[in-house]
Each structure stands twice: as structure tokens, then as C-alpha cells.
Amino acid sequence: MNFAELHNQYEPLLIANVWDAVSTVAAQKAGYKALGTSSAAIAATLGYEDGQGMPFDELFFIVTRIRAVSSLPLSVDMEAGYGDSAEEIIANLKLLAQIGVSGVNLEDSRVINQVRQLDDVSEFSRNLRAVCDALRSEGYNLFLNVRTDTYLLGHERALQETLLRAQHYRTAGADGLFVPCLTSEKDISLIANAIDLPLNVMCMPDLPSFDRLKLAGVSRISMGNFVHSAIQSKLIDLMHAIRWHQTFEGLFVNEGYR
């Protein structure tokens, strides 16, 4: 079953979001069927701010290390494409496809002067069409999961704007629609039923359970940066505990050491 087909199963596809080789191996051992990178987690690991703060070359290196330890289908979070033109984005995506990446996320917002804002829907759609046409004309089979940040940015008409953008993106060639921060079961169902694309939602504190998401029509569930953030919190706690208690005993509580 290829990556696109994993979006059309009876159960939603649960993506394990990873950020390095270690997290990738952990996800594979846990039995996940597909992986996705988290741009925020990779940026934090390398000491950058999220929002395309790191160079594409550094992201590409991390992706090569992930591919080196796992043959699972991998989708790469490409943010706004790491390019100022469709041609630059196309070149980047070709490099990913050539090392076996199965799909990418492309988002319709970008950080400008430290403020994230939505792109103009027509301009974004034109660039998306150019990207889709170029890749497919040359035989590159990347699953293009387009992220719209209508809910993330609190758009005043988030549902209506999401439906409008989904229609534009489907026409431009998108393979899937990703709506982070979408948690309303009613809105999820309305969007899933209205668009002719697999719907991807993301981990949030008030996201419905997986069985409810399935009933609402969700095809793909991702983790975002939340697993990485939880691990970082535990790491900070551990570092504090060692310094506070002046012993390493806490490291071996669950390891069977005497």
C-alpha cells in the first residue's frame, strides 16, 4: 500500500511526527505505518525559531538521516516551501523525492516580521498549481498535503474561509487538506463532507478522540510538535532533579539496576 492509499483506509492514518533518527527509530518500533517530520521540533533541535528560520540544507540533512534509519513512508513538513518562487520550491521538492520522501506539507501562511499571516488565496493557488504541474509532468509522485492556517490564526470566518481555500487548492492539484487547530467536531464533519480531499487534523488539547474523528470523516491525524515538547519538559525535569538531589539514582529507577 503506497502513501496515498494509506489515506483511504477504514481507520484514519495516524502519523508519527519525528525530528531526528532516534525519534524515527522509536516510532518504527512502536508500529506506526507512516512518519511525518515536525518543522518546529527540527528547528528547536537545531537552535532555530520555527517559521523557516533554518536553511533548507539543514532540514534536508535531517531528512536524509531519518531516511537512513527507516523505510516507512515519510512526509516532510516544508512550511512555505523554503523558497520565494514556485521554481525554488519545485527544486527543493525534487531533492526530497529523489531520496525517497513520499509527501510534503505546504502551508498557506508565512512569518513576516515575526508575525504569521495568511497568503492571498489566489496567489498561493497559482504557485501550488505550478508546483503540482511541474512535479507530475516529470513523474515525481509526492503526496501534496496543503495546510491552511485559517483556524490556527483565528480567522473570523474560519469555516467559510477553509471551505473556500480547500476548493481552490483541490483545483490546483492538492492531494490532501491539513487544518491545524481545527477541533470542533461539527466543523470537522462539515469540512470533511464538503471537500473532495482527505482531511488531516492535528493533536490539540481538546481534539476529539480518534474514534470520534473517524466518524467525523477525518483521514489523517498528526502530532505536530507536541510529543517533542512533552519530551523536552521531561528532560528539563530530569536535569533539575539530578542537580537538586545530587545523585543519578533517579536515572535507573525503571532500568532494573541495583
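**Exercise 1. The surroundings of G224**

Is G224 buried or exposed? Place the residue in the predicted model and list what surrounds it.

Solution. Step 1: G224 sits in the loop that runs between β11 (220–222) and α9.

Step 2: its relative accessible area is 18%. Buried means under 20%, so G224 counts as buried.

Step 3: leaving aside residues up to four places away in sequence, G224 touches N17, S38 and M202.

Step 4: compare sequence and space for a chosen pair. G224 and T37 are 187 residues apart in sequence, yet their C-alpha atoms are 8.4 Å apart.

**Exercise 2. A pair with the opposite pattern**

How far apart in space are E88 and V69, C-alpha to C-alpha? Describe E88 as well.

Solution. Step 1: E88 belongs to helix α4, which covers residues 86–98.

Step 2: with a relative accessible area of 38%, E88 is partly exposed.

Step 3: E88 and V69 are separated by 19 residues in sequence, and by 28 Å from C-alpha to C-alpha.

**Exercise 3. The chain as a whole**

Does the radius of gyration agree or disagree with that of a compact globule? Give the overall dimensions and the secondary structure too.

Solution. Step 1: count the elements. The protein chain has nine helices and 11 strands.

Step 2: a compact globule of 258 residues would have a radius of gyration near 18 Å, and the protein chain, at 19 Å, agrees with this.

Step 3: along the principal axes, the C-alpha atoms fill a box of roughly 65 × 40 × 40 Å.

Step 4: of the 258 residues, 46% count as buried. The accessible surface is about 13,400 Å², and carbon and sulfur atoms account for 52% of that surface.

Step 5: take the contacts between residues at least 6 apart in sequence. Of these, 62% join residues at least 24 apart.

**Exercise 4. Helix α9 and a nonpolar patch**

Which residues make the nonpolar surface patch of about 360 Å²? Check the span of α9 on the way.

Solution. Step 1: α9 has 20 residues, and the distance from its first C-alpha to its last is 28 Å, close to the 28 Å expected at 1.5 Å a residue.

Step 2: the residue that follows α9 is Q246, with a positive phi near 55°.

Step 3: L238 is located in α9, residues 226–245. Its relative accessibility is 35%, so L238 is classed as partly exposed.

Step 4: the patch is made by L238 together with F248, L251 and F252.

**Exercise 5. Positive phi in a loop**

What is phi of N113, and what is phi of Q114? State where both residues lie.

Solution. Step 1: N113 is found in the loop between β6 (109–112) and β7 (115–118), and Q114 is also in the loop between β6 and β7.

Step 2: phi of N113 is near 55°. Phi of Q114 is near 70°. Each value is positive in a residue other than glycine.

Step 3: check the accessibility. N113 is exposed, at a relative accessible area of 73%, and Q114 is exposed as well, at 80%.

**Exercise 6. Salt bridges**

How many salt bridges does the count come to? Describe three of them.

Solution. Step 1: the count comes to 12 salt bridges.

Step 2: one of them pairs E11 with K214, with the closest N and O atoms 3.1 Å apart. This pair links distant parts of the chain, since E11 is in the segment before β1 (13–14) and K214 is in helix α8 (residues 210–216), 203 residues apart. E11 is partly exposed, with a relative accessible area of 43%, and K214 is partly exposed too, with 22%.

Step 3: a further bridge joins E107 and R116, whose closest N and O atoms are 2.9 Å apart. E107 is buried, with a relative accessible area of 4%.

Step 4: D108 and R165 meet at 3.1 Å, N to O. D108 is in the loop between β5 (103–107) and β6, while R165 is in helix α6 (residues 158–172), so the bridge ties together parts 57 residues apart in sequence. Both D108 and R165 are buried.

Step 5: look for shared partners. Salt bridges of this kind join E107, R116, R147 and D149 into one network.

Definitions and conventions
Residues are numbered from 1 along each chain as its sequence is written. This is a predicted model: local features need pLDDT of at least 70, side-chain atom pairs count only at pLDDT 80 or more; totals for chains, interfaces and linings use all residues. Side-chain values use heavy atoms; hydrogens and water are left out. Patches are made of residues with over 30% relative accessible area and no salt bridge: like charges are joined within 9 Å, nonpolar side chains (Val, Leu, Ile, Met, Phe, Trp, Tyr) within 5 Å. Accessible areas come from the Shrake-Rupley method with a 1.4 Å probe; for residues, only the protein chains shown count as cover. A salt bridge is a side-chain nitrogen of Lys or Arg within 4 Å of a carboxyl oxygen of Asp or Glu. Helices (H or I, at least four residues) and strands (E, at least two) are DSSP runs, numbered from the N terminus. Buried means under 20% relative accessible area, exposed over 50%, partly exposed in between (1.4 Å probe, protein chains only). The radius of gyration is taken over C-alpha atoms; the globule rule is 2.2 Å times the number of residues to the power 0.38. Contact means heavy atoms within 4.5 Å. The expected span of a helix is 1.5 Å times one less than its number of residues.
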